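Biologist: Could you load the model and walk me through it? I'd like to go over a few spots together.

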Amino acid sequence: MKAVILVGGQGTRLRPLTCNTPKPMIPLVNQPFIEWMLLRLRDQGIDEVILAVQYLANSFRHTLGDGSRFELKLHIVEEPEPRGTAGAVKNVEHLLDGPTFVFNGDVMTDLDLQAMLVFHREKQSKVTISLTPVDDPTQFGLVEMDKDNRVQRFLEKPRAEDITTNLVNAGTYIIEPDMFRYVPPNQFYMFERGLFPVILQTGDGMYGFPSRAYWTDIGKPQTYIDVHHDILIGKVRYNFSGHQIADRVWVDGEAVIHPTAQVVGPVVIGPGAVIERGARVIGPTVIGAGCHVGPECSLEGAVLWEGNFLEEGVVLRNSVLGRNNHIGARTQISDGTIIGDDCSLGAENRLERGIRLWPNTKLGDKAISF
């Protein structure tokens, strides 16, 4: 079974985290998200994966290789220019020879793919779209079906009085390769506003597969933080690397934790991390490889990528640090703040309310306080 993963986007909503790292390569609990995705596909019976890449393509080649370490056959195909969702799959059409899963590379889900495939075959469907219920249908594009689950209509962010369903497109598809005859070659073309409306007109069988599986888009700062919290509290199935050293506290490799430090799970700590005296690390929190948490620091609901150095008394709440940042003593970072790679902050800064610092930013002592 084959799958195509769409990983061509630039991840603009997640910047500055995606300035140096493609969105599907950003770490999720200290593992690149795309690696988690490939392992999940392998475990559900997919043995060949095509990555449709465009932005920072060499990062995928360097990290993933030919897929052999995931026990998969992996093709990394670079688009000459952005082609859109359907156009990107059209670009790799020559590699498709049967029903193919298509995934958006920024959607995390534990959807049962085998059940979806059985449904697709039973319906003799040409296109099957995974659907999920939402609490506020006015914020999404809705998918109307008949009693046989055949798609009848797409409603884009309807008014409350026009709502007939709460099911939305969840970004996982099974598509028969002959459907790509409707996609123009070498053009920007989308599934949602191009191919799917065309298929409604042609009358080819297109069905919806509703599911209450976990589903979220990791492509926004707050949802990126939220998905870490969901993983750590057990809302989504996830296999943690390393060993459990205390209740819901996992360490991958060796880490140094001072006896006076307080670590309250769920917390994941990467290899080579150091947590000094009197530090408090309260879950859900992820500490990346080689991070140094100084004396009397306080971390809660935080995500740290690798190589960060926190001096004494740093407070970090519900925020993300990219790679290799140096945070000065008694600096406070909170409320969804995102700091890119290789930043240097002096002592006693205060960053909150979703501030974003671009890579290589340098601040002196007390340079920011808001």
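Modeller: Sure, and keep in mind that this is a predicted model. Let's start with the rings: Phe154, Tyr173, Phe180, Phe191 and Phe196 make up one aromatic cluster.

Biologist: Take Tyr173 and Phe191 from that cluster. What kind of aromatic pair do they form?

Modeller: Their ring centres are 5.3 Å apart, and the planes meet at 65°. Planes over 60 degrees apart fall in one class. That makes Tyr173 and Phe191 edge-to-face.

Biologist: And how many residues apart in sequence are the parts that this pair ties together?

Modeller: Tyr173 sits in strand S11 (residues 167-175), while Phe191 belongs to helix H5 (residues 191-202). Both residues are buried. The pair therefore links parts whose separation in sequence is 18 residues.

Biologist: How many aromatic pairs turn up in the whole structure?

Modeller: The search covers the whole structure, so to speak end to end. Its count of aromatic pairs is 9.

Biologist: Phe33 and Trp36 next. Is that pair stacked or edge-to-face?

Modeller: Both residues lie in helix H1, 3 residues apart, about one turn of the helix. Phe33 is buried, and Trp36 is too. With 5.9 Å between the ring centres and 20° between the planes, the angle is what decides, so the pair is stacked.

Biologist: Now Gln31. Is its side of things buried or exposed?

Modeller: Gln31 is placed in strand S3 (residues 31-32). The cut-off for this call is under 20% relative accessible area. Gln31 comes in at 16% relative accessibility, so it counts as buried.

Biologist: Which residue's side chain makes a polar contact with the side chain of Gln31?

Modeller: Leaving aside neighbours within four places in sequence, Gln31 is in contact with Ile26, Trp36, Leu39 and Tyr238. One of these gives a side chain to side chain polar contact at 2.9 Å, and that partner is Tyr238.

Biologist: On to the largest nonpolar core. Which helix gives the most to it?

Modeller: That core has 54 residues, and those with the most contacts inside it are Ile5, Leu51 and Met108. The top contribution is 6 residues, and it comes from helix H1 (residues 33-43).

Biologist: How many residues are in the other core?

Modeller: This other core lies apart from the largest one, and its members include Val281, Cys297, Leu304 and Leu351. Its size in residues is 30.

Key. Residues numbered from 1 in each chain as written. Predicted model: local features only at pLDDT ≥ 70, side-chain atom pairs only at ≥ 80, totals over all residues. Heavy atoms only, no water. Helix = DSSP H or I, 4+ residues; strand = E, 2+ residues; numbered from the N terminus. Buried < 20%, exposed > 50% of the residue type's maximum accessible area, 1.4 Å probe, protein only. Contact = heavy atoms within 4.5 Å. Polar contact = N/O pair within 3.5 Å; in protein donor to acceptor, adjacent residues only side chain to side chain. Core = buried A, V, L, I, M, F, W, Y, C linked by side-chain atoms within 4.5 Å. Phe/Tyr/Trp six-rings, centres within 6.5 Å; stacked < 30°, edge-to-face > 60°.
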